[in-house]
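Got the viewer open? Here is a short walk through the model, one selection at a time.

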Amino acid sequence: MHNNMNKNMFRIMRVFIVLFVLLIINLSYIQVIKSDWFTNNPLNPRIANRANNTLRGDIMDCNGKKIAYSKKSGEKIERIYPYNELFAAPVGYLGKNIGSAGIEQSQNSNLCGINMTLHKLGPIEQLFMVEKGNSVKLTLNADIQKSAWDAMGNRRGAVVVMDAATGAVLAMVSKPSFNPNTVDEDWKKLYADKASPLLNRAAQGLYPPGSSIKPMIADAALAQNVINTTEKIYCGPYYDLGNNQKIGEADKAVYGSINLEQGLIHSSNVMFAGLAVKMGSEGLQQAFKRFGFYDNFQTDFAAQMPHIPNFPKLSKGETAQVGIGQADLLVSPLRMAMLASAFGNNGKCMKPYLVAQVLSPQGQVIHTTMPAEFKEVTTPDRANIIDNYMKAVVLQGTGRKAIVKGVTIAGKTGTAENPFGADHAWFIGTAQVGTKHIAFAVILENSGYGGSEAAPVIKDIINTMLKEDQK
Amino acid sequence: MNYLKKKILLLPSLVIILAVCIFYLHNKIITDANLVIAAAAAILFLAGLFIVRIYLKNVDNYILPLVIFLCSISLIMILRLKPTLFKAQFEWICIGFILLGLTVTFADKILQFLDYPYLLGLGSIIIIGSVLLFGTDIGGNKNWILIGPFQIQPSEFAKLLILGFLASYLQENKNTLNLPNRHWIFLYLPPLRFLAPLVLIWSMALLMFVYQRDLGSALLFFSMAVMMTYAATSNKSYLFLSGVFFIFSGFISYMLFGHVRVRVAIWLNPWADPMGKAYQIVQSLFALGYGGVFGAGFMHGSPDIIPAVYTDFIFSAIGEEFGLLGVLSVILTYLLIFFRGMKIALTCTDEKYKLLSFGLSATMLLQAFIILAGVTKLLPLTGITLPFISYGGSSMTASFIAIGLILAIGAKENNCA
């Protein structure tokens, strides 16, 4: 009988052992595998609690000018943005009750001085506790940002300027904007404003690209052999889709028989609608895939994926519309700047980034962002061909208003129809300014022709950069 | 070797001194009263160990140091989470030690009650009944009784009586209970009147569950009865019956009671309402996750964010500040106490003692498991105290009495052998 009882107790003990093994597995899962997730969860107040005890780090432009800093006045810590609205779109805000956005959000743990690697060491982390968080040095240049802001005037829209060779974003402007110094007080008004001042149009606004998509269509057409560099097509005054559907040239122009280069110079709708129809929806889809429009990327700011038409279901008319950047195609200015950068960069498209370095309060470099390739979207040969075409667009075509003496600019204008009013003006391209090879995209909402409205913005920016170079 | 072993077993008593030093270094202030309490606690722990060792021949050498380790963790966590309760918790530990001493001293007399199972059963029914009648609602559980300035959780003590009853009743009737008197499908069941006491305990558990909303204690009582019955009779029919009973009553109460549905919903998806109903469990997971492997360090976490952190959720605070290593050592301590208790039970010659010492150690481990599984979201949360660690007099004193009984039985059997 004794034996029996002992045997039963052993069986119960075994059940206990299984239960505790499960318990320990679950605990290890929480405390090891999910530890980072739980620590950085926005609902976990621990990081914020710690941030209250440390002075938040500075945010600087690429020359060390302070874009945001914290000041302790008595018991209160204030976050000050000396440039007011100028950097609001990329840098964001640090609200008291409304959370945070932009760099303030994505670099929160750096700015609070929390190092997740050190945090893993447990109590040893206490030895490295700091009174001030780390500084974040951005790739943005305050002078370029300012000249882009001023050149846009009162118009809504966005400007992106990036280093074509590295993907470092030099300017990112979105208008209308908000003042991060008073965002808490203005929140209700900003939130309800129909002009969406809180939206970072440069990276998150989606627009039809219009004619600015044509360099990519030209590249796709060459790649798929529906045209070569010498073949001529009769262009004007309209492309007949049948069923009484027509796509016309701007101002009903007639260009006669022209080659691909001239088609791009004149931004001929007839030529590109025709090329798109020849490639068909499948060919177009292939091209959009190759150019990375289907690929997402993780970087230090929030970027919106393009909206791509449902290619297999497109009619012939819609396919032709994609060729001139209309139909269902919607892209962000950032994506267009990336597209332009590929042609000026031998077909390579770099991943855009905003954080150049993270620095300790003493100025030691803790982290430096290494440029990374997003995708090789086309061959160096074709990239050079298109790049030369785009140079011709600026010299002889629609982009003449961007010309700055002594600077080589490759560009493409766009005038995008949209259902909400007057056309959007686009200008995208690359330029060699001094030692810097920049890629850019400008969009001015409801402002008319890209050539006359958007191109001069780039002229101003290049002039500013030249002046800075001379200093 | 033996000398070294004895020295090592003294170490848990020093945890409190070390922790108070850290507390002082971090806060730069500590009230004189708390300093005196900490010193007194260290002395109590050391003296307690020596006295019991000298006083009780052949006593188990490991259980008490392990208990003292848990008590030290309890004291330092209470000091850290709610310094105002530090003194009270220390007083409860002192009373616990006194009760342990009394239990050990009068063990012969106390264990004589095992000869009167129905007296023990009646006692537990009276206690549970009085809670049902005069219970007061504190923190959502209607399982408290107020006597003057004291808040008592009688279920902690009823637990001991029920274990005593089960041990003696099952030992006396195990043969009858095992008679395949009735054969129904594949179940072998004794006459109903022998089953009645077990059904009574199950119903009591159900009443606590439904009426007092004390899910934790109900689950504990129910499982206690199942464990003990199986250990005594080896009859798997009881396991099957209790399983059916559990699923059936669980299902019925899920359908009938909103608070049960809410608990299950929180368990299944706490992220549906992380700042509302699931706030406590979500904050507990945050605390554990933030702690990681090594913990944030004593005094360097923010466990006070979790509601009821010094009672039901004290384990999460340990996990935040001492990390996975800390909680594993706590878990290991419970397992070691259980294994030592099992060793005593296995070597017992008297079956009543065998069942009682097994029941006492298994119940303590089960109680720890229920609350640990709750705060780590392995099971739905059921409010119940963590033995020797959670703040609270009833839990602390009842746990000390249980340990006293285990130690006494162990010493007694060793002396006989």
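## Stop one: two asparagines in loops

Start with Asn346(A), which you'll find in the loop that links helix H15 (333-344) to strand S11 (348-350) of chain A. Keep in mind as you go that you are looking at a predicted model. Check the backbone here: Asn346(A) isn't a glycine, yet its phi is positive, about 60°. That deserves a look because most residues other than glycine have a negative phi. Turn on the surface and Asn346(A) comes out as partly exposed, with 43% relative accessibility.

Now jump to Asn225(A), in the loop between helix H11 (214-223) and strand S7 (233-235) of chain A. Asn225(A) also carries a positive phi, near 55°, without being a glycine. Is Asn225(A) buried or exposed? Exposed: its relative accessibility is 66%.

## Stop two: a cis proline

Select Lys175(A) and Pro176(A) together. The peptide bond running from Lys175(A) to Pro176(A) is cis, and omega is near -5°. Most peptide bonds are trans. Pro176(A) sits in the loop between strand S6 (169-175) and helix H9 (183-192) of chain A.

## Stop three: a buried threonine

Next, pick Thr430(A), in strand S16 (residues 421-433) of chain A. Thr430(A) is buried, its relative accessible area being 2%. What does Thr430(A) touch, leaving out residues up to four places away in sequence? The list includes Ala340(A), Ser341(A) and Gly344(A), and also Asp387(A). Show Thr408(A), Ile409(A) and Ala410(A) as well, then His437(A), Ile438(A), Ala439(A) and Phe440(A), and you have the remaining contacts of Thr430(A) on screen.

## Stop four: the sheet and the whole of chain A

Switch to cartoon and colour the strands of chain A. Six of them make an open sheet with mixed pairing, in the order S3-S2-S1-S4-S12-S13. At the edges are strand S3 (76-80) and strand S13 (365-368) of chain A, each of which pairs on one side only. Inside the sheet, strand S1 (residues 59-60) and strand S4 (residues 135-138) of chain A run parallel and are joined by two bridges. To see one of these pairings, select Ile59(A): its bridge partner in S4(A) is Val136(A).

Zoom out for the full chain. Chain A has 17 helices and 17 strands, and its C-alpha trace spans about 105 × 65 × 40 Å along the principal axes. Of its 471 residues, 54% count as buried. Looking at contacts in chain A between residues at least 6 apart in sequence, 66% join residues at least 24 apart.

## Stop five: lysines over rings

Two quick selections while you're in chain A. Show Lys66(A) and Tyr69(A): Lys66(A) lies over the face of the tyrosine, 5.3 Å from the ring centre. Then try Lys289(A) and Tyr294(A), where the charged end of Lys289(A) sits over the ring, 5.7 Å from its centre.

## Stop six: where the chains meet

Bring chain B back into view. In the interface, 59 residues of chain B contact 42 residues of chain A. The two chains bury about 4,400 Å² between them, with 74% of that on carbon and sulfur atoms. Which residues of chain B lose the most area to chain A? Select Phe286(B), Tyr290(B) and Phe369(B), which together account for 16% of what that side buries.

Phe286(B) turns up again in a ring cluster: ring pairs link it with Trp271(B) and with Trp37(A) and Phe38(A).

For a polar contact, look for the one salt bridge that the rule finds across this interface. Select Glu320(B) and Arg46(A), whose side chains meet in a salt bridge at 2.7 Å, N to O.

## Last stop: a stacked pair in chain B

There are 27 aromatic pairs over all chains. For one of them, select Phe165(B) and Tyr169(B), a stacked pair with 5.4 Å from centre to centre and 20° between the planes. Why are these two about one helical turn apart? Because Phe165(B) and Tyr169(B) are four residues apart in helix H8 (residues 155-178) of chain B. Add the surface to finish: Phe165(B) is buried at 7% relative accessible area, and Tyr169(B) is buried too, at 1%.

Methods
Residues numbered from 1 in each chain as written. Chains lettered and ligands numbered in written order. Predicted model: local features only at pLDDT ≥ 70, side-chain atom pairs only at ≥ 80, totals over all residues. Heavy atoms only, no water. Phe/Tyr/Trp six-rings, centres within 6.5 Å; stacked < 30°, edge-to-face > 60°. Buried < 20%, exposed > 50% of the residue type's maximum accessible area, 1.4 Å probe, protein only. Lys NZ or Arg CZ within 6 Å of the ring centre and 35° of its normal. Pairing = 2+ DSSP bridges. Contact = heavy atoms within 4.5 Å. Buried area = accessible area lost by both parts, 1.4 Å probe. Salt bridge = Lys/Arg side-chain N within 4 Å of Asp/Glu carboxyl O.
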